[in-house]
Amino acid sequence: MIVTCVKIHDRDGSESDFVEISLYDVNYIDLWQPTRSKESCPAYHTSTGSYIGLRTLKDISKAYAKYDFKQYDRSTVVNENMIKRTETDDRGSKVFFDDGSFVRIRTKL
């Protein structure tokens, strides 16, 4: 299984902060506390470094940009390959997908 992760240490904001690791390459997994909150998340430790799973939409949009995902507002990342159409109204926009589902976003497209 492949897991998309972000470096724990020495992040520089570039695309190289994000890696896809195989679980076969993981030496161990423990809980890591990324902020001062009490919430912890799994950390994957390999011979090439230590990583955590993607936790923010900002990280998700950067890591998945190569797959055409884009952050449309503060709470939504959209796969642009799946968009059928968009509609704009006074509250923002609706993004409709090939399967008939949609998501409302606050941004006017």
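Biologist: Which residue is the bridge partner of Val95 in β10?

Modeller: A general idea helps here: strands of a sheet pair through backbone hydrogen bonds, either parallel or antiparallel. In this predicted model, Val95 has Val103 as its bridge partner in β10. Strand β9 (residues 92–97) runs antiparallel to β10, and four bridges join them.

Biologist: In what order do the strands of that sheet come?

Modeller: The order is β8-β9-β10, an open sheet of three strands with antiparallel pairing. β8 (83–89) and β10 (102–105) each have a single partner strand, so they stand at the edges with one side lacking a neighbour in the sheet. From one strand to the next, the twist averages 20°.

Biologist: Thanks! Which way do the side chains of β7 point?

Modeller: In a regular strand the side chains alternate between the two faces of the sheet. In β7 (residues 76–79), Thr76 and Val78 point one way, while Val77 and Asn79 point the other, and all are buried. β7 forms a hairpin with β6, with two residues between them. Opposite Val78 stands Lys70, and the charged end of Lys70 sits over the ring of Tyr72, 6.0 Å from its centre.

Biologist: And how many aromatic pairs does the structure hold?

Modeller: Three. A pair of aromatic rings is described by the distance of the centres and the angle of the planes. For Tyr64 and Tyr67, the centres are 6.2 Å apart and the planes lie at 70°, so this pair is edge-to-face. Tyr64 is partly exposed, with a relative accessible area of 25%; Tyr67 is partly exposed too, at 39%. Together with Phe69, Tyr64 and Tyr67 form one aromatic cluster.

Definitions and conventions:
Residues are numbered from 1 along each chain as its sequence is written. This is a predicted model: local features need pLDDT of at least 70, side-chain atom pairs count only at pLDDT 80 or more; totals for chains, interfaces and linings use all residues. Side-chain values use heavy atoms; hydrogens and water are left out. Two strands pair if DSSP finds at least two bridges between them. Axes are lines fitted to C-alpha atoms, for helices over the stretch in contact, and angles run from 0 to 180 degrees between N-to-C directions. Buried means under 20% relative accessible area, exposed over 50%, partly exposed in between (1.4 Å probe, protein chains only). Rings of Phe, Tyr and Trp (its six-membered ring) pair if their centres lie within 6.5 Å; planes under 30 degrees apart count as stacked, over 60 as edge-to-face and the rest as tilted. A charge sits over a ring if NZ of Lys or CZ of Arg is within 6 Å of the ring centre and within 35 degrees of the ring normal.
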